[in-house]
Amino acid sequence: MLRLKNINTYYGKVHALKNVSLHLDEGEIVTLIGANGAGKTTILNTISGVTPASAGEVLFCKDAVTTLPPDKIVQRGISQVPEGRQVFKPLSVEDNLELGAYLRYRNREGKAAIHKDMDQVFSLFPRLEERRKQLAGTMSGGEQQMLAIGRALMANPKMLLLDEPSMGLAPLVVQEIFRVLERLRQENGTTILLVEQNAKAALKLADRGYVLETGKVILEGPADELLENAEVKRAYLGKDKKEMWER
Amino acid sequence: MKRDLLLFTAFSLFIMVAPQIFAGGYLMNVLVFVGINTMLAIALNLLLGYAGQISLGHAGFFGLGAYLSGILTTTYSLNPWLAMPIAACVVGSLAYLIGLPVLKLKGHYLAMATLGLGIIIYIVFNETVDLTGGPSGLSGIPNLHVAGITFDSDVKNYYLIWGVTLAVMLFSLNLAGSRVGRALRAVHDSEVAAQVLGVDARGLKVQIFALSAIISSLAGSLYAHTMTFISPASFGFNFSIELLTMVVIGGLGSIYGSFLGAALLTLLPEILRGANDYDIIIYGALLMVMVMFMPGGLVRGVPALFRKVFSRKAEGGHA
């Protein structure tokens with residue numbers, strides 16, 4: 001469904017992604033793990049067109065989308081949940097969600113279909129319905145993360161790019177959010193690319209994973225194999241992983 | 001939605017009967033300026049309050065509208081009604097082309113770039129003496145007239161200017177409440193987040209910049225045709241700052257706030273005239289006090305003040 005071929009991306013002179021290649025099949029959940037500065041967010045931003053690649057190719061549903069601007073990418077069916085949530089704080093929950101359907105309103109899509117999707121978001125995150133008139137900035141971090149995901153879903157995407165949805169959240173909330181991701185795959189068949197610091201939780205949820213280091217893919221494979229991989233354990237799960245796990 | 005319509009209707013009625021209440025020769029002239037300044041403040045507010053993009057060069061767009069209208073109707077004897085849309089188109093296209101590179105800048109840098117733009121326009125007004133009359137100005141600009149009525153008195157001008165101002169207000173209120181208005185506020189808050197939702201942030205910023213310039217140009221054309229005389233001094237850097245002050249004092253991101261800010265800043269110097277040489281000091285002090293105690297602008301600060309006063313009375317005078 002999505003294929004990155006030898007992607008190179010720069011921030012000015014900084015070579016952030018070096019010949020990165022990866023792919024996602026339809027309905028898959030794939031996770032990108034790696035330390036800070038490994039290039040996880042850059043990969044998402046390259047796909048969504050926020051920081052386009054300077055060399056290489058991004059194929060989505062067999063079409064080259066490498067140099068398309070962000071709005072055209074959303075149009076094709078890829079929605080991003082940006083790092084740090086980035087909900088529109090002075091706007092209400094409802095307005096935030098409506099913004100997620102910005103292109104659908106522009107394309108004169110019927111209100112009924114859009115409101116149906118809003119109802120689905122509310123069924124995934126009942127807490128958002130309770131707070132639909134509340135200003136997004138006044139909600140807790142977990143609720144804002146739910147809103148950010150709900151907002152991305154309002155574009156009715158085929159594929160969801162999530163950038164560290166567990167950042168700074170309580171473990172219980174993280175669990176709830178991960179359960180919703182699983183449900184999304186089952187109910188809507190949404191393909192998910194998940195960037196996570198919480199490597200253990202991400203690998204448990206995902207089908208496959210890629211491990212990044214300083215802009216390169218150093219390891220890839222099925223998630224359960226990566227979980228058991230000695231190198232991954234040492235570098236990303238902590239030396240005393242077993243102890244932590246069995247606690 | 002219904003409440004909004006009611007508020008606007010009430011406001012329009014107030015504007016329409018205001019001359020009957022304050023019917024005074026000189027005051028009418030000031031109220032005409034309140035109308036023009038309201039239009040300009042709304043134009044800048046769409047850009048600054050909604051989209052979050054600063055401009056310190058809006059007096060330039062205002063001036064371009066005025067001069068284009070003035071030159072086309074005097075030197076080229078064009079009908080004013082034709083000159084006005086031509087001026088608006090030219091200014092709008094110019095703003096669009098300038099906006100493409102300039103709006104890539106953010107914050108202080110955008111302020112500097114638009115400041116430079118305003119100053120360049122001001123210099124052009126002064127130096128192209130053959131075209132604009134230079135520092136001594138351009139006179140003999142015809143009044144507007146329609147169906148036998150010539151807009152040559154303050155009362156007539158009042159209704160002309162306020163008719164257009166109310167139309168601009170209604171348009172802006174609608175825009176602000178629409179899908180586009182929501183997108184503008186999203187761009188204001190986080191450009192990246194807006195982009196990944198499919199909002200073409202850059203295109204939208206340039207479009208709103210052009211729209212803002214068009215409204216300013218329209219205000220400029222009306223200014224030229226009501227005053228019949230224009231000179232560069234009205235379109236300098238100072239006026240850009242004054243517009244910015246109107247928007248901030250009135251309330252960022254509020255159309256009615258722009259009216260309050262424009263009304264206050266236009267009327268205040270007239271009211272303070274009695275204070276002789278101290279007027280500037282009082283004026284400055286008032287602005288400082290307002291920014292300190294009403295950071296949300298008059299449109300949010302005044303109702304809050306009222307609530308405070310009334311709740312105190314209800315408690316039996318307890319402080």
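**Two helices and some strands**

Let's start in chain B of this predicted model, where helix α2 (residues 25-50) packs against helix α7 (residues 154-177) at an angle of about 20 degrees, their axes 9 Å apart. Angles under 35 degrees count as roughly parallel, so α2(B) is roughly parallel to α7(B). If you look at how the two helices cross, the crossing of α2(B) and α7(B) is left-handed.

Which residues of α2(B) and α7(B) meet? On the α2(B) side, they include M28(B), L31(B), V32(B), I36(B), M39(B), I42(B) and L46(B). From α7(B), the residues include V155(B), Y158(B), I161(B), W162(B), V168(B) and M169(B). Taken together, the residues of this contact between α2(B) and α7(B) split into 15 nonpolar, seven polar and one charged.

Now hop over to chain A, and find the open sheet of four strands. Reading across that sheet, the order is β2-β1-β4-β5 (chain A), and the pairing is antiparallel. The strands at the edges are β2 (14-24) and β5 (63-64) of chain A; each has a single partner strand, so one side of each has no neighbour in the sheet.

Further in, β1 (residues 2-11) of chain A pairs with β4 (residues 55-60) of chain A in the antiparallel sense, over five bridges. Want a spot to look for in the 3D view? K5(A) has E57(A), in β4(A), as its bridge partner. This sheet has a helix for company, too: α1 (residues 40-48) of chain A lies across β1, β2 and β4 of chain A, and runs at about 70 degrees to β2(A).

Next, look at strand β3 (residues 29-34) of chain A. Is β3(A) mostly covered or uncovered? Mostly covered: six of its six residues are buried. To picture the two faces, it helps to know that side chains in a regular strand alternate between the two faces of the sheet. In β3(A), I29(A), T31(A) and I33(A) lie on one side, while V30(A), L32(A) and G34(A) lie on the other. All of these are buried, and both faces of β3(A) are covered.

What does β3(A) pair with? One partner is strand β8 (residues 191-196) of chain A, which pairs with β3(A) in the parallel sense over five bridges. Here V30(A) has L193(A) of β8(A) as its bridge partner. Another is strand β9 (residues 208-213) of chain A, which runs parallel to β3(A) and is joined to it by five bridges. There, the bridge partner of G34(A) is L212(A) in β9(A).

Notes. Residues numbered from 1 in each chain as written. Chains lettered and ligands numbered in written order. Predicted model: local features only at pLDDT ≥ 70, side-chain atom pairs only at ≥ 80, totals over all residues. Pairing = 2+ DSSP bridges. Contact = placed C-beta atoms within 7 Å. Axes fitted to C-alpha atoms, helices over the stretch in contact; angles between N-to-C directions. Buried ≥ 20, exposed ≤ 12 C-beta atoms within 10 Å, placed from the backbone. Parallel < 35°, antiparallel > 145°, perpendicular 65-115°, else oblique. Left-handed = near helix turned anticlockwise from the far one by under 90°. Nonpolar A, V, L, I, M, F, W, Y, C, P; charged D, E, K, R; others polar.
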